[in-house]
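The following exercises concern salt bridges, the nonpolar core, surface patches and backbone angles. Please work through each task before reading its solution.

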Amino acid sequence: AARESIPNQVDKSIQTTRRFDALKLWLTLRVMGADGVGALLDAAIDLAAATGLAVEADPEFEIAAPVQLSTLVFRYRPAGTDDSPVDEDRLDAVNLHIRRALSASGEALVAGTKVAGRHYLKFTLLNADTTLADMLEILEQIRHAGSAYPAGAAA
């Protein structure tokens, strides 16, 4: 199978198992203090929870599980879809299309994962400058990309 052209964000994160990378964490703790780092983590967790509430309240999105820490797993699921294999295959194709479209646009990079063998989107919120308004805008971009997926396209 061909490799996806969507960047793998795991390759872009810091590694905390090497001495030099531990220095980064140590310096951050020295500059910000444990309370400062804790406040940033609390803000990320609160933002994930608020984004999760927005996703749960929207009939065109389906949340996979309750929000965990700063991670939210969900998918775009437009009205009129059901649990049939045909619709599930189409939802896989639509959500993969969304990831590709957003990545190609340069506007947002949304991670993906599988739940019970099906494609879902994933937010892992760690940037202290990200706001709920930012997340709502990305959800609108996801909706737009998903609704633009051709009705007759093969799954």
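**Exercise 1.** Determine which side chain meets Asp92 in a salt bridge, and where the two partners lie.

*Solution.* Step 1: apply the criterion, a side-chain nitrogen of Lys or Arg within 4 Å of a carboxyl oxygen of Asp or Glu. The side chains of Asp92 and Arg118 satisfy it, with an N to O distance of 2.7 Å.
Step 2: locate the partners. Asp92 belongs to helix α2 and Arg118 to strand β4, so named because helices (H or I, at least four residues) and strands (E, at least two) are DSSP runs numbered from the N terminus. The two residues are 26 residues apart, and the pair links distant parts of the chain.
Step 3: classify Asp92. With a relative accessible area of 10%, Asp92 is buried, where buried means under 20%, exposed over 50% and partly exposed in between (1.4 Å probe, protein chains only).

The model is predicted: local features need pLDDT of at least 70, side-chain atom pairs count only at pLDDT 80 or more, and totals for chains, interfaces and linings use all residues. Residues are numbered from 1 along each chain as its sequence is written, and side-chain values use heavy atoms, with hydrogens and water left out.

**Exercise 2.** Identify the salt-bridge partners of Arg77 among Glu62 and Asp83, and place them in the network.

*Solution.* Step 1: Glu62 pairs with Arg77, the closest N and O atoms being 3.3 Å apart. This pair joins strand β1, which holds Glu62, to the loop between β2 and α2, which holds Arg77, across 15 residues.
Step 2: Arg77 also forms a salt bridge with Asp83, at 3.1 Å between the closest N and O atoms.
Step 3: compare the accessibilities. Arg77 is buried at 11%, Glu62 is partly exposed at 23%, and Asp83 is exposed at 63%.
Step 4: extend the search. Glu62, Arg77, Asp83, Asp92 and Arg118 are among the members of a salt-bridge network that also includes Arg75, Glu88 and Asp89. The whole structure contains eleven salt bridges.

**Exercise 3.** State how many residues form the largest nonpolar core, and which element supplies the largest share.

*Solution.* Step 1: define the core as buried Ala, Val, Leu, Ile, Met, Phe, Trp, Tyr and Cys residues joined through side-chain atoms within 4.5 Å.
Step 2: the largest such core has 22 residues, and those with the most contacts inside it are Phe74, Ile98, Leu102, Phe123, Ile138 and Ile142.
Step 3: at least two residues each come from α1, β2, α2 (85-105), β4 and α3. The largest share, five residues, is that of α3.

**Exercise 4.** Find which residues make the nonpolar surface patch, and classify Trp26.

*Solution.* Step 1: patch members have over 30% relative accessible area and no salt bridge, and nonpolar side chains (Val, Leu, Ile, Met, Phe, Trp, Tyr) are joined within 5 Å. Areas come from the Shrake-Rupley method with a 1.4 Å probe; for residues, only the protein chains shown count as cover.
Step 2: Phe20, Leu23, Trp26, Leu27, Val31, Met32 and Leu40 make a patch of about 720 Å².
Step 3: Trp26, in helix α1 (residues 19-57), is partly exposed at 48%.

**Exercise 5.** Locate Leu69 and Ala116, and give the sign of phi for each.

*Solution.* Step 1: most residues other than glycine have a negative phi.
Step 2: Leu69, in the loop between β1 (61-63) and β2 (71-76), has a positive phi near 50°. Leu69 is exposed at 63%.
Step 3: Ala116, in the loop between β3 (111-115) and β4 (118-124), has a positive phi of about 55°. Ala116 is exposed at 80%.

Conventions
Patch = residues over 30% accessible without salt bridge, like charges linked within 9 Å, V, L, I, M, F, W, Y side chains within 5 Å.
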